Amino acid sequence: MPSARILIVDDEALVRWSLKERLNEAGYDDVFEAGLASEALERIASSEIDLVLLDYKLPDGDGLSVLKKIKEASTEIQVILMTGFSSVENAVEAMKLGAYHYVNKPFNLDEVEMLVQKALETSQLRREVRALRTSQGREYSFDAIIGSSPAMQAIKALLARVAKSPASTVLLTGDTGTGKDLAAKTIHYNSDRARRSFVNITMSALPEQLLESELFGHERGAFTDARQQKRGLLETGDGGTVFLDEIGEMTAGLQAKLLRFLEEKTFKRVGGLADIRVDVRVIAATNRNLEQEVSNGKFREDLFYRLQVMPIALPPLRERHGDVPLLTSYYIDVFNREFKRHVRGVSQEAQAMLEQYQWPGNIRELRNAIERAMLLVEHEWLQPGDFTTLTRTVTPAEFKLPHEGISLDEVERQLVVQALERSGGNQTQAGQLLGINRDQVRYRIEKFGLAAKS
Ligand SMILES: Nc1ncnc2c1ncn2[C@@H]1O[C@H](COP(=O)(O)OP(=O)(O)OP(=O)(O)O)[C@@H](O)[C@H]1O
Ligand SMILES: [Mg+2]
């Protein structure tokens, strides 16, 4: 990486000269020198330096404190420490403080050159990963959250505030497909944690024991398959965000451990004794009604309140029909690009249908419906018939009160009968067809004197 800028800090001119010669030969043209710690720090403050070769003993300061100051100025700068005597403790200390490596004096120039090259490669790699992360982050700008309804405007403002707040725990609630994942990532990528990792785990995906070790890590031998020590997500997410999806599915044992972590900021690996402290922002999400889970005794009340510090409830699409046209045209754009189509929009009839539809799968369902329609379509304007995936296209709006009036009781009775017929007598399923629960179905069976089949 010959365009790198290297600073040699050593009070002996001869050492500086031999290093500089060697690095120049290796193709590094921008090599600077400093004989004093103060000079070195000035240089670092005034110009971009990628790597410092730092003598341990300087007339005006010791290497470790200079190293500390360099790292304070910028964690990006790689430092290789040159020690006059081999002291293991110093070397260990230097590595702890963020030195890339150390070499013992008198050093072997080949070794120094190789270390310099490796250190620079490491920082180059880091830079690439960071660039990747930020470009990934761009996908999660607030503009990518579509919605101009007052409800969505308020949500966006709230997300922005939360992103900027230091580390508050967040609880995202909302039905499936309302954008909980998207909201969690948007918070992360717009916070000052954006450069660190966003890790996520779904509570329902794994059995309790595995989940626990995924989350908290484990020590070697903690259980039969634990052949090696493993860091958990809380550790890999240090400095970043940990997204706990489907928190309502968490088992009682894990709930207790999570609560302890949220309160004390420390945890123990499975089978471990040491308390490990990390700095993560926890974002939890659920499509269940946690309050109800609490009253059913399925979710710890204290954990609920601990998560509830910053609750964000994502409204279902059916409560903000005004956003449907916007989302529709957004996704038509997306899939025009992806499938190289030239769809211009939806017909008036289709628009009306989409706006009346209840969207049980929310934005995910809308996105999929448009994707599906656009895969097959040949015409420029999408028609009602192009949306083949929508589950319940019949909406109450299509019922018309007959001119002569109608008996509501009779309509209700017929619908309940039909629902029970279709579900083969299964009251829960019949209830789903009618948007009511099983008890309400049973009540109507009694009310209308219908023979309950099962
Ligand atoms: N406001 C929005 N604007 C644009 N796209 C959105 C919006 N909200 C959600 N989406 C998109 O809808 C899809 C579903 O969203 P997401 O995965 O965040 O839902 P979820 O609430 O996590 O659902 P689940 O509970 O099923 O996990 C994703 O493709 C997401 O990008
Ligand atoms: Mg999700």
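Me: Which residues of α16 meet α17 in this predicted model?
Reply: Happy to start there, and do keep in mind that the model is predicted. On the α17 side, the contact uses Gln 427, Ala 430, Leu 433 and Leu 434. Sorted by class, the residues of this contact are seven nonpolar, one polar and one charged. The partners you asked for in α16 are Leu 415, Val 416, Ala 419, Leu 420 and Arg 422.

Me: At what angle do α16 and α17 pack, and is α16 parallel or oblique to α17?
Reply: Two packed helices are described by the angle between their axes and the distance between the axes. Here α16 covers residues 408-422 and α17 covers residues 427-434, with axes 8 Å apart and an angle of about 125°. An angle over 115 but not over 145 degrees falls among the rest, so α16 counts relative to α17 as oblique.

Me: Is the crossing of α16 and α17 left-handed or right-handed?
Reply: This one concerns the sense in which α16 passes α17. For that pair, the crossing is right-handed.

Me: Is the crossing of α16 and α18 left-handed or right-handed?
Reply: Helix α18 spans residues 438-447, and its axis lies 11 Å from that of α16, at an angle of about 115°. The handedness of this crossing is left-handed.

Me: Which residues of α18 make the contact with α16?
Reply: From α16 come Asp 409, Glu 412, Val 416 and Leu 420. By class, the contact has four nonpolar, no polar and four charged residues. On the α18 side, the residues are Val 441, Arg 444, Ile 445 and Lys 447.

Me: Is α8 roughly parallel or roughly antiparallel to α10?
Reply: Helix α8 runs over residues 208-216 and helix α10 over residues 252-264. Their axes come within 10 Å and cross at roughly 15°. Since that angle is under 35 degrees, α8 is to α10 roughly parallel.

Me: Which residues of α10 does α8 meet?
Reply: α8 passes α10 in a right-handed crossing. Its own residues in the contact are Glu 208, Leu 211, Glu 212 and Phe 216. The contact divides into four nonpolar, one polar and three charged residues. Those met in α10 are Gly 253, Leu 254, Lys 257 and Leu 258.

Me: Which element gives the largest share of the lining of the second largest pocket?
Reply: The space in this pocket is about 810 Å³. Elements giving two or more residues to its lining are α6 (150-164), α7 (180-189), α13 (324-339) and α15 (362-376). The largest share is five residues, and it comes from α7.

Me: How many residues line the second largest pocket?
Reply: Nearest the pocket's centre lie Gly 179, Lys 180, Asp 181, Leu 182 and Tyr 331. The lining has 15 nonpolar, six polar and nine charged residues. The count of lining residues is 30.

Me: Which residue does a cis peptide bond join to Lys 105?
Reply: The omega of this bond is about -5°. The partner sits in the loop between β7 (101-104) and α5 (109-138). That partner is Pro 106.

Me: What is the phi of Lys 340?
Reply: Lys 340 is found in the loop between α13 and β15 (345-346). Although Lys 340 is not a glycine, its phi is positive, at about 50°.

Key. Residues are numbered from 1 along each chain as its sequence is written. Chains are lettered from A and ligands numbered from 1 in the order in which they are written. This is a predicted model: local features need pLDDT of at least 70, side-chain atom pairs count only at pLDDT 80 or more; totals for chains, interfaces and linings use all residues. Side-chain values use heavy atoms; hydrogens and water are left out. On a 1 Å grid over the protein atoms alone, a cavity is a set of points where a 1.4 Å probe fits but cannot get out, and a pocket is an open set with protein on both sides within 12 Å along at least five of seven lines; lining residues have an atom within 4 Å of a point. Grid points are joined across faces, edges and corners, and a volume is the space filled by probe spheres set on the points. Helices (H or I, at least four residues) and strands (E, at least two) are DSSP runs, numbered from the N terminus. Ala, Val, Leu, Ile, Met, Phe, Trp, Tyr, Cys and Pro count as nonpolar, Asp, Glu, Lys and Arg as charged, and the others, Gly among them, as polar. Axes are lines fitted to C-alpha atoms, for helices over the stretch in contact, and angles run from 0 to 180 degrees between N-to-C directions. Angles under 35 degrees count as roughly parallel, over 145 as roughly antiparallel, 65 to 115 as roughly perpendicular and the rest as oblique. A crossing is left-handed if the near helix is turned anticlockwise from the far one by less than a right angle, and right-handed if clockwise. Contact means heavy atoms within 4.5 Å.
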